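Hi everyone, thanks for making time. I'd like to walk you through one model, so please have a look at it on the screen.

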Amino acid sequence: MPVELKGSCHCGTVKFTVQSSTPVPYQVCLCSICRKVGGVGGSINLGAHADTLQITEGKEHISIYNAVLNRGQANQSIATSERHFCSKCSAMLWLWDETWPELLHPFASAIDSPELKDPEEMVICLLTNSKPDYVRLPGGKTKTYTGYPPLSIEEWHKEHGEYIP
């Protein structure tokens, strides 16, 4: 049975629960969006089942940001992904995308319980020219990719024996 993740924003106004079969925070995204909305070190997204999301407090304080892709370029567009955040403290909560409506991606930083497992190896994705030189990669064992890694979050969990059906 999937694990229940309990999360909240920094100020405690928004609280939520969601069921996850993929709760190991193993992948750090360093794209410019994740660095700017998640902090200089990027974002760590988990996987969850979108239909299990329960907002237990503060629903009226959730705002959505649709990122601008290729800002300032001829091919500039708006992302289909929706980053949900607290309108009071601006803490990122989860990402949802109409492309995969059954999935929800809680930000690991928003999860209060249970204690998330420390992965043996971190996967660093989108290590491109958007990462400034001052941004340090996590210590310890890492695998880096200039784009997205070959395995999805679900595939990684299955390959590493961490998937919870």
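I'll go through the sheet, the core and then the largest pocket.

A quick word on ground rules: this is a predicted model, so local features need pLDDT of at least 70 and side-chain atom pairs count only at pLDDT 80 or more, while totals for chains, interfaces and linings use all residues. Residues are numbered from 1 along each chain as its sequence is written, and side-chain values use heavy atoms, with hydrogens and water left out.

Let's start with the sheet. Five strands (E in DSSP, at least two residues, numbered from the N terminus) form an open antiparallel sheet in the order β5-β12-β11-β10-β7; strands pair if DSSP finds at least two bridges between them. β5 (48-49) and β7 (62-65) are at the edges with a single partner strand each, so one side of each has no neighbour in the sheet. Further in, β10 (residues 81-86) is joined to β11 by five bridges, and Arg 83 sits opposite Leu 95 in β11.

Now, which residues have the most contacts inside the largest nonpolar core? They are Phe 16 and Leu 93, in a core of 18 residues. By core I mean buried (under 20% relative accessible area, 1.4 Å probe, protein chains only) Ala, Val, Leu, Ile, Met, Phe, Trp, Tyr and Cys joined through side-chain atoms within 4.5 Å. β2 (15-20) and β11 (92-97) each give two or more residues to this core.

Leu 95 comes back in the largest pocket: of 33 lining residues, Leu 95, Trp 100, His 105, Tyr 148 and Ile 153 lie nearest the centre. A pocket here is an open set of points on a 1 Å grid over the protein atoms alone, where a 1.4 Å probe fits, with protein on both sides within 12 Å along at least five of seven lines; lining residues have an atom within 4 Å of a point.

Conventions: Buried means under 20% relative accessible area, exposed over 50%, partly exposed in between (1.4 Å probe, protein chains only). Helices (H or I, at least four residues) and strands (E, at least two) are DSSP runs, numbered from the N terminus.
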